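The exercises below walk through one protein model, each with a task and a solution worked out in steps. Please look over the sequence and the structure before starting.

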Amino acid sequence: MRALETAREDALVHDPWAAALAGHELVASFADQPSETRERAASYTIVRTLAFDDWLRTVQHRPQMVLLGAGFDTRAFRFDWPATSLWELDQPEVLERKAAILREAKASARCARIPVAADLASNEWPRSLDATGFRRGVPTVWLAEGLFPYLEPDVVDRLLHNISTLSAPGSQLAADLVSAQMMAARNAYAATLAQRNGASGNATFRFGADDPVEIFALHGWRVTGIKHPGDADCGYGRWLGPAPASAGFSFVFAERSI
Ligand SMILES: C[S@@+](CC[C@H](N)C(=O)[O-])C[C@H]1O[C@@H](n2cnc3c(N)ncnc32)[C@H](O)[C@@H]1O
C-alpha cells in the first residue's frame with residue numbers, strides 16, 4: 001500500500017518504485033478485503049515505515065546496515081547514505097524478483113547495496129554476511145521490519161542469537177512485534193476471511209510477544225524506546241486504527257548493551 005501513499009498529494013514517503021514493486025497481484029489481494037480493513041492495514045504499514053524511517057534518521061553512525069527480511073524495501077534508494085554498506089537479506093526468489101523490477105525501473109542505490117540470499121531460520125546466514133565484507137567489529141544498524149511476527153518462536157530466538165553474535169557494542173536494532181492477544185485476534189480474523197473468500201491474502205502470525213524488553217535483554221540488548229501506532233508521536237496523521245494507541249503492535253528500538 002506504499003504505492004497509494006506515494007501517489008497522494010500529501011505523501012509522507014516518496015517511493016517512485018513502489019507501484020512496480022507492489023505489482024498487480026498484491027493490489028488485487030487487498031481488493032478482496034473489505035475497504036475498512038484494507039485502509040486500516042495500509043495505515044499500519046505506512047505508520048510503521050515512517051516510524052522506522054524516523055529512527056534511521058536519528059542513528060548517528062551507520063557504516064553497516066542490515067535489513068533482515070528486506071523484501072521490497074527501497075531505503076537503499078530512498079535515502080542518501082553514501083558511506084553505508086547496506087545488506088538486504090531475504091529468500092533468493094524474492095531478491096531475484098526485486099532485482100528484475102529495479103533493473104527494469106533503472107533504479108540506482110545511494111549506498112553500497114549488497115543483496116544476499118539467506119535463510120534467516122538457519123545458522124548459515126552469518127557466514128554469508130562475512131563472505132560479503134561484513135565486519136563483526138563495527139557497530140551495525142539492524143532492521144527487522146515485518147519479520148518477527150511471521151516466524152516461529154524458536155526461529156526468532158535463533159535469529160536474535162545470531163544477530164547478537166554479529167553485533168559489536170553500540171549496534172542498534174529495531175523491529176516490530178505483535179502481542180499474543182493481537183496475534184490470536186488477527187489469526188482468527190484471517191481464518192474467517194479465508195473461509196469466506198477461499199484465500200485470505202494474510203500470512204499467519206506465529207510469534208506474539210508481550211514483553212519485548214525481556215526478549216531483547218535475554219540476547220544482550222537494552223530497549224531504548226517502544227512506540228505504538230497511534231501514539232502522539234507515531235500517528236503521522238495516517239493512523240486509522242483504534243485510539244488511543246494500539247498496544248497490540250509495537251515498534252521496539254534497542255542497543256547492544258554487552
Ligand atoms: C512481510 S515481508 C516484509 C518485507 C519488508 N521488510 C517490509 O517491511 O516491507 C517479510 C519478508 O521476510 C522474508 N522472510 C521470511 N522468512 C524468511 C527466512 N526464513 N529467510 C529469509 N527471509 C525471510 C520474506 O521473504 C519477506 O520478504
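Helices (H or I, at least four residues) and strands (E, at least two) are DSSP runs, numbered from the N terminus. With this naming, K106 lies in the loop between α5 and β3. The model is a predicted one.

**Exercise 1. The sheet**

Task: Work out the order of the strands in the open sheet of seven strands, and find which strands stand at the edges.

Solution:
- Step 1. Reading across the open sheet, the order of its seven strands is β3-β2-β1-β4-β5-β7-β6, and the pairing is mixed.
- Step 2. The edges are formed by β3 (112-117) and β6 (221-227), each of which has a single partner strand, so one side of each is left without a neighbour in the sheet.
- Step 3. On average, and with direction ignored, neighbouring strands of this sheet are turned by 20° against each other.
- Step 4. Helix α5 (residues 92-104) packs on the sheet, where it touches β2 and β3, and its direction makes about 140° with that of β3.

**Exercise 2. Strand β2 and its partners**

Task: Describe how β2 pairs with β3 and with β1, and decide whether the residues of β2 are buried or exposed.

Solution:
- Step 1. Strand β2 (residues 85-90) pairs with β3 in the parallel sense over six bridges, with L89 opposite V116 and L86 having R113 as its bridge partner.
- Step 2. Strand β1 (residues 64-68) also pairs with β2 in the parallel sense, over five bridges, and here L68 has L89 as its bridge partner.
- Step 3. A residue is buried if 20 or more other C-beta atoms lie within 10 Å of its own, and six of the six residues of β2 are buried.
- Step 4. In a regular strand the side chains alternate between the two faces of the sheet. In β2, S85, W87 and L89 point one way, while L86, E88 and D90 point the other way.

**Exercise 3. The antiparallel part**

Task: Find the sense in which β7 pairs with β5 and with β6.

Solution:
- Step 1. Strand β5 (residues 172-178) and β7 pair in the antiparallel sense over seven bridges, and Q172 stands opposite E255 in β7.
- Step 2. β6 and β7 also run antiparallel, joined by six bridges, with G225 opposite F253 in β7.
- Step 3. β7 is mostly covered, as seven of its eight residues are buried.

**Exercise 4. The nonpolar core**

Task: Identify which residues of the largest nonpolar core touch the most other members, and which helix gives the most to this core.

Solution:
- Step 1. The largest nonpolar core has 46 residues, of which L67, L68 and L89 touch the most other members.
- Step 2. Helix α3 (residues 35-58) gives the most to this core, with six residues.
- Step 3. Leaving aside residues up to four places away in sequence, L67 touches D73, L86, W87, E88, L89 and L143.

**Exercise 5. Two positive phi values**

Task: Decide how exposed K106 and Y236 are.

Solution:
- Step 1. Most residues other than glycine have a negative phi. K106 nevertheless has a positive phi, near 55°, and Y236 has a positive phi near 55°.
- Step 2. K106 is exposed, because 6 other C-beta atoms lie within 10 Å.
- Step 3. Y236, found in the loop between β6 and β7 (249-256), counts as partly exposed, with 17 C-beta neighbours inside 10 Å.

**Exercise 6. Around the ligand**

Task: State how many residues surround the ligand and how this shell divides.

Solution:
- Step 1. The ligand is surrounded by 16 residues, the closest being G69, G71, L120, E145 and G146.
- Step 2. The shell divides into eight nonpolar, four polar and four charged residues.

Terms used
Residues are numbered from 1 along each chain as its sequence is written. This is a predicted model: local features need pLDDT of at least 70, side-chain atom pairs count only at pLDDT 80 or more; totals for chains, interfaces and linings use all residues. A residue is near a molecule or strand if its C-beta atom, placed from the backbone, lies within 6 Å of it. Ala, Val, Leu, Ile, Met, Phe, Trp, Tyr, Cys and Pro count as nonpolar, Asp, Glu, Lys and Arg as charged, and the others, Gly among them, as polar. Two strands pair if DSSP finds at least two bridges between them. Axes are lines fitted to C-alpha atoms, for helices over the stretch in contact, and angles run from 0 to 180 degrees between N-to-C directions. Two residues are in contact if their C-beta atoms, placed from the backbone, lie within 7 Å. A nonpolar core is a set of buried Ala, Val, Leu, Ile, Met, Phe, Trp, Tyr and Cys residues joined through C-beta atoms within 7 Å. A residue is buried if 20 or more other C-beta atoms lie within 10 Å of its own, exposed if 12 or fewer, and partly exposed in between; C-beta atoms are placed from the backbone.
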